[in-house]
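Dear colleague,

I am passing on a structure that you have not worked with before, and I would be glad if you could look through it with the notes below at hand.

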Amino acid sequence: MAKTKTAFFCQNCGTQYAKWVGQCTACKEWNTVVEEVIQKSEKASWKTEINPVKKTSKPLRINEISTEKEIRLNTFDIEFNRVLGGGLVPGALVLLGGEPGVGKSTLLLQIALKLPYKTLYISGEESQKQIKMRADRIHPQSENCLILTETKTQNIFKQIVATEPDIVVIDSIQTLHTDYIESAAGSISQIRECTAELIKFAKETNTPVILIGHITKDGSIAGPKILEHMVDTVLQFEGDRNYVYRILRALKNRFGSTSELGIYEMQGGGLRQVNNPSEILISKNDTSLSGTAIASTVEGLRPLMIEIQALVSTAVYGTPQRSTTGYNSKRLNMLLAVLEKRAGFKLGAKDVFLNITGGITVDDPALDLAVITAILSSNSDIPIEKGICFAAEVGLAGEIRPVQRIDQRIIEAEKLGFKTIYVSKNNKISLKSTNIEVLLATKIEDVANALFG
Ligand SMILES: [Zn+2]
């Protein structure tokens, strides 16, 4: 019997070691290196046993290389297409990551059920019956979606050869195992090897493969970061169980930008695409409440109106608390310092809580002015009049700075019925006539005086 071969892998970043070490030299994490059994045979390829035909590529003259735009497969889901950069690229490996229970399987199953192409949905998590019950709630009449319950890659490839699908979905990469590696499913070496086999398959047959990957608590997919380097596109599905909205964003995309957002609403029968997110992100209160302000932001190519809520109260305990949801807490501290130093607002002994409604996270400097006005509104307990919104950055000197794509922000605000928008005086606005009043501001004191007297 052959001697069992083992190696040591960092469970965080995937680095391999010949012997055990206490600290990973690559990612500096402690106690993440564990021993795994590896026994790799020479012939680890998705089709060695099935179809030994080998296709080799040959060099081309530069003028022979086609520059035509690559064909993309429409997924018939506007949000999903947008985040992918216009649809699925043939042969691409897409990783969809997210916390367990956020709705990754639901999203891919509902896309698979509506596709006019033959889709093979492989689940190692649920039985065919369970998937059928779920599918019945989403879209019961699907002709093109095949469901397979399997975890061994060699068997999966046999079924792929037999059914010739146009798209393959794997739920999830952590459940797969290959015969060529002896360690348990979900271990670093298994994940790495199974992904490598799938990449080979995708590239050689031009079939797009979508992998579901569970994110561990520290936010990395499957523990190892290696997966993210191997695949073409990394999508992340985010959302709080307590909120009905889910955000899909690209963290890496070899075939498009990473700035696009997809928004879904979780419903009993699946996920609904939210094509006009501004309407859902702003709460529909008829009465004005103090501490809320609306910002006009841009995510990717899409403008969004979002609501910012602040609560300022006298600190009960010695050290004042600063807490944010959906917003960078360092940025909040900076803005509070600006308010204190440049505008004379005494907030040093106050608790400040800041929240972006809808459970989404936004990182756009154009939120600054809305954040500041929300804080001042809560502090003075004077509500900001309905119909007013903001789009400007605030600098360290308390000056109001211009932001990108101001025209788009103004148009979105106008479209949603806002009457007034505060922007920087230094912003170049090319819009000629608008129904919205555009107020130009230079300092935060000016805005504060206009709003709160
Ligand atoms: Zn490491």
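The notes that follow take up a metal site, a cavity and a pair of strands in turn.

Please keep in mind throughout that this is a predicted model.

To begin with the metal site, the zinc ion is coordinated by the SG atoms of Cys 10, Cys 13, Cys 24 and Cys 27, at 2.2 to 2.3 Å, and these donors follow the spacing C-x2-C-x10-C-x2-C along the chain. Cys 10 belongs to strand 1 (residues 6-10), while Cys 24 sits in the loop between strand 2 (16-17) and strand 3 (33-37), so the pair ties together parts that are 14 residues apart in sequence. Both Cys 10 and Cys 24 are buried. The angles among the 4 donor atoms run from 107 to 112°, and the site of the zinc ion is tetrahedral.

Turning to empty space, a search of the whole structure finds 3 cavities of 30 Å³ or more, and the second largest cavity has a volume of about 50 Å³. Its lining includes Phe 80, Leu 108, Ile 111, Thr 119 and Ile 210, and the residues of that lining divide into 9 nonpolar, 2 polar and no charged. Helix 2 (104-114) and strand 7 (167-171) are the elements that give two or more residues to this lining, with helix 2 giving the most, at 3 residues.

Finally, strand 11 (residues 261-267) and strand 12 (residues 270-273) pair in the antiparallel sense over 4 bridges, forming a hairpin with 2 residues between them. Within this pairing, Tyr 264 stands opposite Gln 273 in strand 12.

With best wishes

Terms used:
Residues are numbered from 1 along each chain as its sequence is written. This is a predicted model: local features need pLDDT of at least 70, side-chain atom pairs count only at pLDDT 80 or more; totals for chains, interfaces and linings use all residues. Side-chain values use heavy atoms; hydrogens and water are left out. On a 1 Å grid over the protein atoms alone, a cavity is a set of points where a 1.4 Å probe fits but cannot get out, and a pocket is an open set with protein on both sides within 12 Å along at least five of seven lines; lining residues have an atom within 4 Å of a point. Grid points are joined across faces, edges and corners, and a volume is the space filled by probe spheres set on the points. Ala, Val, Leu, Ile, Met, Phe, Trp, Tyr, Cys and Pro count as nonpolar, Asp, Glu, Lys and Arg as charged, and the others, Gly among them, as polar. Two strands pair if DSSP finds at least two bridges between them. Donors are N, O and S atoms within 2.8 Å of the metal (3.2 Å for Na, K and Ca); water is not among the atoms, so sites may look incomplete. Four donors count as tetrahedral if all angles lie between 85 and 135 degrees; four count as square planar and six as octahedral if opposite donors are over 155 degrees apart and all others between 65 and 115; anything else is irregular. Buried means under 20% relative accessible area, exposed over 50%, partly exposed in between (1.4 Å probe, protein chains only).
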